Amino acid sequence: MFDEQQKVRVGYTREMARKVSKKYNLVPPVDVVYVAQGEGFDVEYELMAVCAQFNRQEKVIVVNKNDHLHRQRLSIAHELGHIFLHHDIDFHNYNGQSNDFEKFRNVQENEAFEFARELLVPLKHINLFNKEGLTIPEMASRCCVSNEVIFISLQKLNKF
Ligand SMILES: [Zn+2]
């Protein structure tokens with residue numbers, strides 16, 4: 001489906017998330033609003049049909065006010081992914097509803113998700129939590145994310 005050039009840049013994407021973590025001295029639970037503001041973006045909460053959107057020109061990330069905190073944090077981190085990875089989109093709607101872990105629309109969406117995942121749930125930390133014997137809900141609580149994001153992170157950890 002995709003040629004070599006269009007493949008998700010997993011290494012680069014994670015490296016970028018780690019750079020951002022380092023720049024802002026982040027440890028779980030990562031304050032994604034703090035990062036957005038540090039990059040000059042306002043975070044606003046509104047009623048909307050999608051999870052989030054950002055506008056590079058107006059320097060704003062808008063998040064769905066009705067979403068659960070975990071969803072909102074993932075949405076903000078996702079939009080930060082597009083911002084830091086310099087994806088060629090200035091205005092972006094992120095509809096992260098049903099099945100968004102399996103059904104990504106394109107490479108940029110995959111990269112934004114992987115950036116968000118690594119920012120919120122660094123593999124380094126999940127590895128430590130795993131060694132400490134924490135359960136998935138305990139890890140989720142430490143990172144302030146859903147169990148699902150932890151589960152995906154653990155799967156990625158096992159691949160390396
Ligand atoms: Zn996106």
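At what angle do helix H6 (residues 136-143) and helix H7 (residues 147-158) pack? In this predicted model, the angle between H6 and H7 is about 105 degrees, and their axes are 8 Å apart. Angles of 65 to 115 degrees count as roughly perpendicular, so H6 is roughly perpendicular to H7. On the H6 side, the contact is formed by Ile136, Pro137, Met139, Ala140 and Cys143, while H7 contributes Asn147, Ile150 and Phe151. By class, seven of the residues in the contact of H6 with H7 are nonpolar and one is polar, with no charged residue.

The two helices belong to a protein whose secondary structure consists of seven helices and four strands. Read from the N terminus, the order of the elements is α-α-β-β-β-α-β-α-α-α-α. Contacts between residues distant in sequence are well represented: of the contacts with a separation of 6 or more, 63% are between residues 24 or more positions apart.

A second helix pair is formed by H1 (residues 10-23) and H4 (residues 107-120), whose axes come within 8 Å and cross at roughly 40 degrees. This angle makes H1 oblique to H4. The crossing of the pair is right-handed. From H1, the residues Val10, Thr13, Arg14, Met16, Ala17, Arg18, Val20 and Ser21 take part in the contact, and they meet Glu111, Glu114, Phe115, Glu118 and Leu119 of H4. The contact of H1 with H4 comprises six nonpolar, two polar and five charged residues. Charged residues are thus present in the contact of H1 with H4, whereas the contact of H6 with H7 has none.

Burial was also examined. Of the 160 residues of the protein, 33% count as buried. In soluble globular proteins, nonpolar side chains tend to be buried together. The largest nonpolar core of this protein has 36 residues, and the members that touch the most others are Ile61, Ile76, Leu119 and Leu120. Helix H4 gives the most to this core, with six residues. Leu119, one of the core members named above, is also among the H4 residues that meet H1.

The surroundings of Ile61 were considered separately. When residues up to four places away in sequence are left out, Ile61 touches Ala36, Phe41, Val43, Ala52, Phe54, Ile76 and Glu79. One of these contacts, Ile76, is likewise listed with Ile61 among the core residues that touch the most other members. Glu79, a charged residue by class, is also touched by Ile61.

Notes
Residues are numbered from 1 along each chain as its sequence is written. This is a predicted model: local features need pLDDT of at least 70, side-chain atom pairs count only at pLDDT 80 or more; totals for chains, interfaces and linings use all residues. Axes are lines fitted to C-alpha atoms, for helices over the stretch in contact, and angles run from 0 to 180 degrees between N-to-C directions. Angles under 35 degrees count as roughly parallel, over 145 as roughly antiparallel, 65 to 115 as roughly perpendicular and the rest as oblique. A crossing is left-handed if the near helix is turned anticlockwise from the far one by less than a right angle, and right-handed if clockwise. Two residues are in contact if their C-beta atoms, placed from the backbone, lie within 7 Å. A residue is buried if 20 or more other C-beta atoms lie within 10 Å of its own, exposed if 12 or fewer, and partly exposed in between; C-beta atoms are placed from the backbone. A nonpolar core is a set of buried Ala, Val, Leu, Ile, Met, Phe, Trp, Tyr and Cys residues joined through C-beta atoms within 7 Å.
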